[in-house]
Amino acid sequence: MTVVLSRPYVGQYSNTKIIGKFMGLPLPEFIGPARTGQWRTLYVPDEKPGLYREINFDDGEYRVSPKAPVSEADIREQGGKATGLKAQ
């Protein structure tokens, strides 16, 4: 399970909230530029090699986007960067 947490103020763990939970998805390999306030689009590998699914922040939580998968080149063209979480 991948969990996205919000911690609005460093050191105040009582303010931590779960922003998204994803079962059965790999770790995000890329993040995009901030789209909604401070929240960034996350990209996880798709079933098709070389393509990535978007996970967007919407209405207070992260959700898997219904959009078609995108390539790494598309992600980087939009300002996306690798997370360093790529599976070995």
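1. Along the sequence of this predicted model, the elements follow the order β-β-β-β-β-β-β-α-β, so that the chain's secondary structure, by the definition of helices and strands used here, comes to one helix and eight strands. The helix stands between the seventh and the last of the strands in that pattern.

2. As regards the chain overall, 28% of its 88 residues count as buried, and the accessible surface comes to about 6,100 Å², with 52% of that area belonging to carbon and sulfur atoms. Among the contacts with a separation of 6 or more, 28% are made by residues that are 24 or more positions apart.

3. The largest nonpolar core is made up of nine residues, namely Val4, Ile19, Phe22, Trp39, Leu42, Val44, Ile55, Phe57 and Tyr62. At least two residues of this core come from each of β2 (17-22), β4 (39-45) and β5 (51-58), and the strand that gives the most is β4, with three residues. Apart from this core lies another one, of five residues, which include Phe30, Tyr43, Tyr52 and Ile75. As a general point, nonpolar side chains in soluble globular proteins tend to be buried together.

4. Isoleucine 55 is a member of the largest nonpolar core, and its surroundings can be listed in some detail. When neighbours within four places in sequence are left aside, isoleucine 55 is in contact with Phe22, Leu25, Arg40, Thr41, Leu42, Val44, Tyr62, Arg63, Val64 and Ser65. Of these contact partners, Phe22, Leu42, Val44 and Tyr62 also belong to the core, whereas Arg40 and Arg63 are among the charged residues that isoleucine 55 touches.

5. Why does glutamate 29 count as buried? Its relative accessible area is 10%, and because the cut-off for buried is under 20%, glutamate 29 falls on the buried side. This residue is found in the loop between β2 and β3 (30-36), and its side chain makes a polar contact, at 3.2 Å, with the side chain of tyrosine 52. Tyrosine 52 is itself one of the residues of the five-residue core, so the polar partner of glutamate 29 is a buried residue, as the definition of such a core requires.

6. The pairing of β5 with strand β6 (residues 61-64) is antiparallel and runs over four bridges; within it, asparagine 56 has arginine 63 of β6 as its bridge partner. The hairpin that these two strands form has two residues between the strands, and in this hairpin aspartate 59 takes a positive phi near 55°.

Terms used
Residues are numbered from 1 along each chain as its sequence is written. This is a predicted model: local features need pLDDT of at least 70, side-chain atom pairs count only at pLDDT 80 or more; totals for chains, interfaces and linings use all residues. Side-chain values use heavy atoms; hydrogens and water are left out. Buried means under 20% relative accessible area, exposed over 50%, partly exposed in between (1.4 Å probe, protein chains only). Contact means heavy atoms within 4.5 Å. Accessible areas come from the Shrake-Rupley method with a 1.4 Å probe; for residues, only the protein chains shown count as cover. A nonpolar core is a set of buried Ala, Val, Leu, Ile, Met, Phe, Trp, Tyr and Cys residues joined through side-chain atoms within 4.5 Å. A polar contact is a pair of N or O atoms within 3.5 Å; within protein, one must be able to donate a hydrogen and the other to accept it, and residues adjacent in sequence count only if both atoms are side-chain atoms. Two strands pair if DSSP finds at least two bridges between them.
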